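Visitor: Could you take me through one strand of this protein and what lies around it? I am in my first year, so please go slowly and link each step to the next.

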Amino acid sequence: METTEIRRLIALEDTHWWYRERRAILRRELRGLGRPGRALDIGAAGGGNTRVLVEAGWEATATDSCATAVEVARQRGLKAVRADARALPFEPGSLDLVTAFDVLEHVREDHLVVEEIARVLAPGGHALIAVPCDMALWSAHDDAVGHVRRYARETLTVVVEQAGLKVDRVWSWNVLLRPLVARHRRRSRGSDLRKMPLLLNAGLSAVVRAERYLPVKSLKGVTLFLRARLGR
């Protein structure tokens, strides 16, 4: 992702409905992972998800290939390093959790990123991954933010399992708003990263929060989440 898009993301991630609800998903997933340990947040941007890890008791490090993102994360009091996700500067088996939200779709050699995640995880360690789904939703937004692909459940599962990780769960998110997103994307002329009117932001947030209580996670959405672990 280019520096301009990173700056837009950093400016929005604390208030935008999309990023706020994803942090809520991360919080819920962390509660099921047991005792906190060492964690790495790949593609951390300004560290919004890294802060969630720290607040939950994890010894977390943010990493991003963008120098601006790393600088902002450090200014926020987070431990952050600049690194290529295909060559992580961590010892094998040194981490208990790796998060990679909106990372794989930016890298042509996505298998190398997942192989690195598997390499740095300790036995029994977990990976939490989020990617945009369904090439039918491809639009100018994907071009603007540097996406290489969007995923199907099968393609995401294959690349993760081939790296030696065992997939525990794959589920869809942003299912209820998919028709609206699809319509918007057909008219899109660039990135969707922009400040939203307060009432619209609140309304979209309420809709996507409703998915927590509805049986829609097996249906098509806008994003795929995956939880995997390194076998003991």
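**A close look at strand S7**

Guide: Let's begin with one pair of residues: Ser172 stands opposite Leu224 in strand S7. Please keep in mind that this is a predicted model. The pair belongs to a longer contact, in which strand S6 (residues 165-173) and S7 run antiparallel and are joined by 8 bridges. S7 also pairs with strand S5 (residues 121-132), again in the antiparallel sense, through 7 bridges. Within that second pairing, His126 has Arg229 of S7 as its bridge partner.

Now ask yourself how many residues of S7 are buried. Of the 8 residues in this strand (residues 223-230), 6 are buried, so S7 is largely enclosed by the rest of the structure. As background, side chains in a regular strand alternate between the two faces of the sheet.

Arg229 deserves another look. With a relative accessibility of 28%, Arg229 counts as partly exposed, because "buried" is kept for values under 20%. The side chain of Arg229 forms a salt bridge with Asp168, at 2.8 Å from N to O. That contact links distant parts of the chain, since Arg229 sits in strand S7 and Asp168 in strand S6, 61 residues apart. Asp168 is partly exposed too, at 30% relative accessible area. Elsewhere, Glu21, Arg28 and Arg212 are joined into one network by salt bridges that share partners.

Next, we can look at an enclosed space. The whole structure has 1 cavity of 30 Å³ or more, and the volume of the largest cavity is about 40 Å³. Around the largest cavity are Ile25, Leu26, Glu29, Phe101, Leu128, Ile129, Trp171, Phe225 and Leu226. Our strand takes part here: S7, S5 and helix H2 are the elements that each give two or more residues to this lining. H2 gives the most, with 3 residues. Sorted by class, the lining has 8 nonpolar residues, no polar ones and 1 charged.

An open space makes a good companion to that cavity. The second largest pocket has a volume of about 150 Å³. Its lining is made by Glu21, Ile25, Arg28, Glu29, Arg169, Trp171, Ser172, Trp173, Val208, Glu211, Arg212 and Lys217. Helix H2 (17-31) and S6 are the elements that give two or more residues to this pocket lining. Ser172, where we started, is one of these lining residues, and so are Glu21, Arg28 and Arg212, the residues of the salt-bridge network. By class, the pocket lining holds 4 nonpolar, 1 polar and 7 charged residues.

Those charged residues lead us back to salt bridges, of which the structure holds 15. One of them joins the side chains of Asp14 and Arg51, at 2.6 Å from N to O. Asp14 lies in the loop between helix H1 (3-12) and H2, while Arg51 lies in helix H3 (residues 48-55), so this pair ties together parts that are 37 residues apart in sequence. Asp14 counts as partly exposed at 38% relative accessibility, and Arg51 counts as partly exposed at 24%.

Another salt bridge brings us to the loop that follows S5: the side chains of Asp134 and Arg178 meet at 2.5 Å, N to O. Asp134 is in the loop between S5 and helix H6 (140-144) and Arg178 is in helix H8 (residues 178-186), so the pair ties together parts that are 44 residues apart in sequence. Are these two residues buried or exposed? Both Asp134 and Arg178 are buried, whereas Asp14 and Arg51 are partly exposed.

Cysteines give us a last kind of contact to check. A disulfide is a covalent bond between the sulfur atoms of two cysteines. In this structure the count of disulfides is 0. Cys66 is buried, with 9% relative accessible area, and Cys133 is buried as well, at 6%.

To gather the picture around our strand: S7 pairs with S6 and with S5, gives two or more residues to the lining of the largest cavity, and is linked to S6 by the Arg229 and Asp168 salt bridge.

Notes. Residues numbered from 1 in each chain as written. Predicted model: local features only at pLDDT ≥ 70, side-chain atom pairs only at ≥ 80, totals over all residues. Heavy atoms only, no water. Buried < 20%, exposed > 50% of the residue type's maximum accessible area, 1.4 Å probe, protein only. Helix = DSSP H or I, 4+ residues; strand = E, 2+ residues; numbered from the N terminus. Pairing = 2+ DSSP bridges. Disulfide = S-S within 2.5 Å. 1 Å grid on protein atoms, 1.4 Å probe; cavity = no way out; pocket = protein on both sides within 12 Å on 5 of 7 lines; lining within 4 Å. Points joined across faces, edges and corners; volume = space filled by probe spheres on them. Nonpolar A, V, L, I, M, F, W, Y, C, P; charged D, E, K, R; others polar. Salt bridge = Lys/Arg side-chain N within 4 Å of Asp/Glu carboxyl O.
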